[in-house]
Amino acid sequence: MTSLDRPTTEETSADTSADDARAVTEAALFEAFGGVRGMVETVLPGLLFVSIYTVNKNLHMSALAALGVALVMVVVRLVRRDTVKHAFSGVFGVGFGVVFAMMTGNAKDFYLPGMLYTLGLALAYIVTAMAGVPLIGLMLGPVFKENLSWRTRNPGRKKAYTKASWAWGLILLAKCAILFPLYWWADTTQLGWVLVALKIPPFLLAVYLTWVFLAKAPPPIDVFAEMEAEERAEEERKAAAAEEGEGAPAGRHRRRS
C-alpha cells in the first residue's frame, strides 16, 4: 500500500466520529422507544385478548386477561427496578380499552382507544412538523442531551427531526387508513388479528427512517456539558478574583513599608 492509499489521520478520525454518532443514535432510539422488551409489552395484551376472544367469544375473560398480563409486566419492571414508562403506557391503553368494551358491550371497542390515540399521534407529528417544532425532536432532544438547541443552533438536526416527524405521521396515518374501515366492516377477531399484525412493522419502519435521518445529521449539541463547563469557568473566575483580592492588601502593605 502506497502513502496515497493509506487513510489519513483526519479520515480515520472522521470515520470514528461517524461510527460514534451512529452508535449514540441507536442507543438513544433504543432507550426512547423501549427496544425489544417495549415492543413485547406493547403487543402481548392485544395478542392475548384476540387469542382468547377468537376461541370462546367471551368479552369479559378476554379483557381481564389482557389487563392482567399488562399489570404483571408492570410489577415485573417494578421488582427489577427497570424503567416503567412503557409498561405503564401499556396498562393505561389496555385499561381504557377494557372500560370502553365493558361499557358498550362491543368487543371491538377494546381497540378503539388505541386507534384514536394512533390517529391523534399521527396528526400531532404532522402538525408539529409543519409548525417547525417537530414532535420527534421534542421527544429525543432530552435523550441526546441537546434539549431544544436543535431549533436555533443546529439547523441540520432540525431538518432531520422534521423529516422523521413527517415519516412517523404518514406511517401512522396509513395504519389508521387500514384499521378504521375494518373497525366498521370487519368482525372483532379480524380487526384484532390485523391490528396485532400492524403493531410492529410500521413502528420498526418509522424507527429505521428516524435512525437514517439522524445518522446523516450533524451531531447533537450537548447543552448539559456546556452548562457544566460554564459553571466550572464561573467557579474558576470567582477563585481567581478571590486570590487577587487576597494579594492586593499584601502588595499595598509592602509599598507602605
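## A first walk around an all-helix model

E231 sits in helix 11, which covers residues 223–256. Helices here are DSSP runs of H or I at least four residues long, strands are DSSP runs of E at least two long, and both are numbered from the N terminus. Before going further, note that this is a predicted model, where local features need pLDDT of at least 70 and side-chain atom pairs count only at pLDDT 80 or more, while totals for chains, interfaces and linings use all residues. Residues are numbered from 1 along each chain as its sequence is written, and side-chain values use heavy atoms, with hydrogens and water left out.

### The overall layout

The chain has 11 helices and 0 strands. Going along the sequence, the pattern reads α-α-α-α-α-α-α-α-α-α-α. Of its 257 residues, 38% are buried. For that label, a residue must have under 20% relative accessible area; over 50% is exposed, and anything in between is partly exposed (1.4 Å probe, protein chains only).

About 15200 Å² of the chain is exposed, and carbon and sulfur atoms supply 65% of that area. Accessible areas come from the Shrake-Rupley method with a 1.4 Å probe, and for residues only the protein chains shown count as cover. As for contacts (heavy atoms within 4.5 Å), take those between residues at least 6 apart in sequence: 72% of them join residues at least 24 apart.

### Two patches on the surface

Back to E231: why does it count as exposed? Because its relative accessibility is 51%, and the cut-off for exposed is over 50%. E231 also belongs to a negative surface patch, together with D222, E228, E230, E235 and E236. Patches are made of residues with over 30% relative accessible area and no salt bridge; like charges are joined within 9 Å, and nonpolar side chains (Val, Leu, Ile, Met, Phe, Trp, Tyr) within 5 Å. On the charge side, Lys and Arg count as positive and Asp and Glu as negative, with His and the chain ends not counted. A charge is placed at NZ of Lys, CZ of Arg, CG of Asp or CD of Glu.

There's a nonpolar patch too, of about 550 Å², made by F92, F96, V99, F100 and M103. F96 lies in helix 4, residues 85–104.

### One salt bridge

Side chains of opposite charge can pair when their charged atoms come close. A salt bridge means a side-chain nitrogen of Lys or Arg within 4 Å of a carboxyl oxygen of Asp or Glu, and by this rule the count comes to 1. Which residues form it? E146 and R157 do, with their closest N and O atoms 3.0 Å apart. The pair links distant parts of the chain: E146 is in the loop between helix 6 (135–140) and helix 7 (149–152), R157 is in helix 8 (residues 155–185), and the two are 11 residues apart.

Are these partners buried or exposed? E146 is buried at 0% relative accessibility, and R157 is buried as well, at 2%.

### Positive phi in two loops

Most residues other than glycine have a negative phi. N147 has a positive phi of about 50° although it is not a glycine. N147 belongs to the loop between helix 6 and helix 7, and is partly exposed, with a relative accessible area of 29%. K57 is another non-glycine residue with a positive phi, near 55°; look for K57 in the loop between helix 2 and helix 3 (59–80).

### Pairs across the chain

Here are some pairs, with their spacing along the chain and in space.

| Pair | Apart in sequence | C-alpha to C-alpha distance |
|---|---|---|
| L48 and A65 | 17 residues | 7.0 Å |
| A124 and P134 | 10 residues | 8.8 Å |
| K216 and A160 | 56 residues | 8.1 Å |
| A177 and L119 | 58 residues | 9.4 Å |

L48 is in helix 2 (residues 35–56) and is partly exposed at 28% relative accessibility. Leaving out residues up to four places away in sequence, L48 touches A65, A66 and V69. A124 lies in helix 5, residues 112–130, and is partly exposed too, at 26%.

K216 is in the loop between helix 10 (200–215) and helix 11, where its 72% relative accessibility makes it exposed. A177, found in helix 8, is exposed as well, at 53%.
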